[in-house]
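Student: I should like a close look at a single part of this protein, namely its open sheet and the cysteines. Please treat the strands and then the question of disulfides.

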Amino acid sequence: MTSGYVVIRHGLVALPGADDWQPVDIVIRDGTIAAIGRDLECVGQVDAVHDAAGLWILPGAIDAHVHFDDPGYTERENFTAGSSAAAAGGVTTVIDMPCTSVPPVTTVENMQRKLEAIEHKSVVDFGLYGGVCAQSFEGDWQKDIQELSRYVLGFKTYLTSGMQTFQRLDHYHLQQVLEAARDVGLPVLLHAEDHDYVQAATDAARWKGHSPREYYESRPEIAETLAVSSALELATSVGADLHIVHLATARAAALLRGTGATGETAPHYLQFDLEDFERIGSALKVAPAVKRVENRDGLWELLAAGAIAFVASDHAPCPAHEKNTGSIWTDYGGIPGVGTLLPYMVSEGYMAGRLTLSRLTEAIAGMPAQRYGLARRKGAIAVGNDADLVWFDPNAEWTVEGQKFLSQGKVTPFEGMRFKGRVVKTFVRGREVYNCESGICVEPGYGRWLARNEL
């Protein structure tokens, strides 16, 4: 080997496809993994040797569903705070949603405005989605999809939406978007709740009360299964690439089997149910709402079997006062999650025996990398990939305290929960970006934009 190497020794490494930890060295050069093996010898200059004895080394997680709200809603979150929370939780790549920016990322011009606001803020690497909403059809939406497709990793849309700046699509317009996205070779990410059902059920539930149960009754399991069923029919009819985000209902997730469509779930749907929602209150208000208890086991089983492709946080925090307005109907719907995604999945997925090691690494890194065209650089500890690594202490334990989050959002339904294991260090492209003792180790702007045309 030539000069300029960094070597990590004595760690137990999660290699792709392996269900046992591997006692191998990792050699890094220029931010990429140059070699993996036992007792490797470097010929030439070695800049640093890191001793990871007693630690697990995981691939950096890819959180493919975050709302960092920048620009436009930075009282809730911004890219520096959100990406810092990501790094602290072992997430080395995020993909940001188009709908919670002002203006939303529905045109190249809007995307450029977003990039100007965020390009010097992130401490981890990031991608962007484009968006299509009802307002898109007031302009040349097909041209917008064509132009955005050079840069974004997919297109997000909604069958029901509470955002006036990003309104829902009906079935006809969703079919048109599926066709257009198919033609540019990108997936459509869909928030799948049936608009007609949710609208009518919400009108009825509001008359009954202002509690978490009424909110659940406004968008129960059937609202999700109706939407997923119709979306699958549309996608199949036109041969489009469909991905269902934040699946909360096991039956809806099971509908994806054998269709070619994919889906994701989130830790809060794997951990909590309606009774928890009634106990915790608006700290657990999300959309879709958490569902009845039988869905939790079903979602875990589908995730373990690969029928649900991966997990993502749907990170969407807000200030505490927006969670405590006095009514479930006006309390903000969304929680911070990017920092608890990997720790939760290791603790409650792998260490609890629900997921094998290989399925864990697929669910937090490998599958989102494949889904969004990042697998040539991200998602696995493999030669030639970016050295995105997480050092994890399996013998440590810690208790979730929202006030210690690096995110601007401090209100979490995981408050007080004890996790097994903790993130010790996070590396992005071979550089340490987070250390549990000293915090963030790089300046904002270290993170790179992962544009589609540069992958």
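Tutor: What follows describes the sheet, strand by strand, and then turns to two cysteines. The model is a predicted one. The open sheet is built from 6 strands, arranged in the order β2-β6-β16-β17-β18-β19, and their pairing is mixed. At the edges stand β2, residues 12-13, and β19, residues 439-440; each has a single partner strand, so one side of each lacks a neighbour in the sheet. In general, strands of a sheet pair through backbone hydrogen bonds, in either a parallel or an antiparallel manner.

Within this order, strand β17 spans residues 418-428 and strand β18 spans residues 431-435. The two run antiparallel and are joined by 4 bridges. In this pairing, F427 stands opposite E432 of β18. A helix also meets this part of the sheet: α12, residues 341-350, lies across β6 (56-59), β16 (389-399) and β17. Relative to β17, helix α12 runs at about 135 degrees.

As for the cysteines, the structure holds 0 disulfides. C436 is in no disulfide, and the nearest cysteine sulfur to its own is that of C441, 9.8 Å away. Why do C441 and C436 not form a bond? A disulfide requires the two sulfur atoms to lie within 2.5 Å; the sulfur of C441 has its closest cysteine sulfur in C436, and 9.8 Å is therefore too far for a bond. With regard to accessibility, C436 is partly exposed, at a relative accessible area of 29%. C441 likewise counts as partly exposed, at 31% relative accessibility.

Conventions
Residues are numbered from 1 along each chain as its sequence is written. This is a predicted model: local features need pLDDT of at least 70, side-chain atom pairs count only at pLDDT 80 or more; totals for chains, interfaces and linings use all residues. Side-chain values use heavy atoms; hydrogens and water are left out. Buried means under 20% relative accessible area, exposed over 50%, partly exposed in between (1.4 Å probe, protein chains only). Two strands pair if DSSP finds at least two bridges between them. Contact means heavy atoms within 4.5 Å. Axes are lines fitted to C-alpha atoms, for helices over the stretch in contact, and angles run from 0 to 180 degrees between N-to-C directions.
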